[in-house]
Amino acid sequence: MTRAVLALGSNMGDRMATLQGAVDHLLTGAGAPGPVAVSPVYETAPVGGPEQGAYLNAVLVVEVDGEPIDLLRRAQAAERAFDRVREVRWGPRTLDVDVIAFGDVRDDDAELTLPHPRAHLRAFVLRPWLDADPGADLPGQGPVADALAAVVAGDTAGEQELRRRDDLRLRLPEGSGNR
């Protein structure tokens, strides 16, 4: 089994219902990964791209038996299930599921670069990941806590502010091997 990290985001429609639906979709059915942890939900301003609404973001830590491409395909299937449309780069979306890390794999494959090439620059990935797995390391970068500290220190304009939404909570689906 390999530990993997998925980042989830939504800024269109019922964002919370979409995130919960994504968790359910990712963790149920044949070949579903086993859940290790799900982070708290954060509300964040969009980074880059056109003018758009705030995102809800979370991180899901899972254990998988398979290859990174299998997890990418599962993530893409979840996006399709929630009508993800890829029209504008970094534009608004019903659901975004990114494979952030897959064990210690480092790969520059055009279809799936691991770890995610911008993960170490994004507070909306690092903060929830740190909550879900306080001892996490980002392959090639080191401790997630150090990467987050660097992002926060460099964010003098406050462009990557996060607000933890303790009023919102993702649940792991029944029978998903909750730990």
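These legends accompany views of a predicted model.

**Figure 1. The whole protein: 4 helices and 10 strands.** That count covers the secondary structure of the protein. From one end of the sequence to the other, the elements run β-α-β-β-β-α-β-β-β-α-β-β-α-β. The C-alpha trace spans about 45 × 35 × 35 Å along its principal axes. The radius of gyration is 15 Å, which agrees with the value near 16 Å for a compact globule of 179 residues. Of the 179 residues, 49% count as buried. Consider contacts with a separation of 6 or more: residues 24 or more positions apart account for 73% of them.

**Figure 2. The surface and charges of the protein.** The protein exposes about 8,900 Å². Carbon and sulfur atoms supply 47% of that area. Side chains include 19 positive and 28 negative ones. The centres of these two sets lie 3 Å apart.

**Figure 3. Close-up of helix α1, residues 15-27.** The helix has 13 residues. From first C-alpha to last, α1 reaches 18 Å, close to the 18 Å expected at 1.5 Å a residue. After the helix comes Gly29, whose phi is positive, near 95°.

**Figure 4. The surroundings of helix α1.** Why is α1 described as largely enclosed by the rest of the structure? Of its 13 residues, 11 are buried, so the helix is largely enclosed. Buried here means under 20% relative accessible area. Arg15 and Met16 are buried at the start of the helix's numbering, and Leu26 and Leu27 are also buried. Between them, the buried residues are Thr18, Leu19, Gln20, Gly21, Ala22, Val23 and Asp24. The cover over the buried residues includes both strands and a helix. The strands among them are β1 (2-10), β2 (34-38), β3 (42-44), β4 (55-64) and β5 (96-102). The helix is α2 (68-81).

**Figure 5. Close-up of Ala123 in helix α3.** Ala123 is found in α3, which covers residues 123-132. Is Ala123 buried or exposed? Ala123 has a relative accessible area of 3%, so this residue is buried. Which residues does Ala123 touch, leaving aside those up to four places away in sequence? They are Pro128, Leu148, Val151, Gln160 and Leu162. Ala150 lies 27 residues from Ala123 along the chain. The C-alpha atoms of Ala123 and Ala150 are separated by 9.6 Å.

Definitions and conventions: Residues are numbered from 1 along each chain as its sequence is written. This is a predicted model: local features need pLDDT of at least 70, side-chain atom pairs count only at pLDDT 80 or more; totals for chains, interfaces and linings use all residues. Side-chain values use heavy atoms; hydrogens and water are left out. Helices (H or I, at least four residues) and strands (E, at least two) are DSSP runs, numbered from the N terminus. The expected span of a helix is 1.5 Å times one less than its number of residues. Buried means under 20% relative accessible area, exposed over 50%, partly exposed in between (1.4 Å probe, protein chains only). Contact means heavy atoms within 4.5 Å. The radius of gyration is taken over C-alpha atoms; the globule rule is 2.2 Å times the number of residues to the power 0.38. Accessible areas come from the Shrake-Rupley method with a 1.4 Å probe; for residues, only the protein chains shown count as cover. Lys and Arg count as positive and Asp and Glu as negative; His and the chain ends are not counted. The place of a charge is taken as NZ of Lys, CZ of Arg, CG of Asp or CD of Glu.
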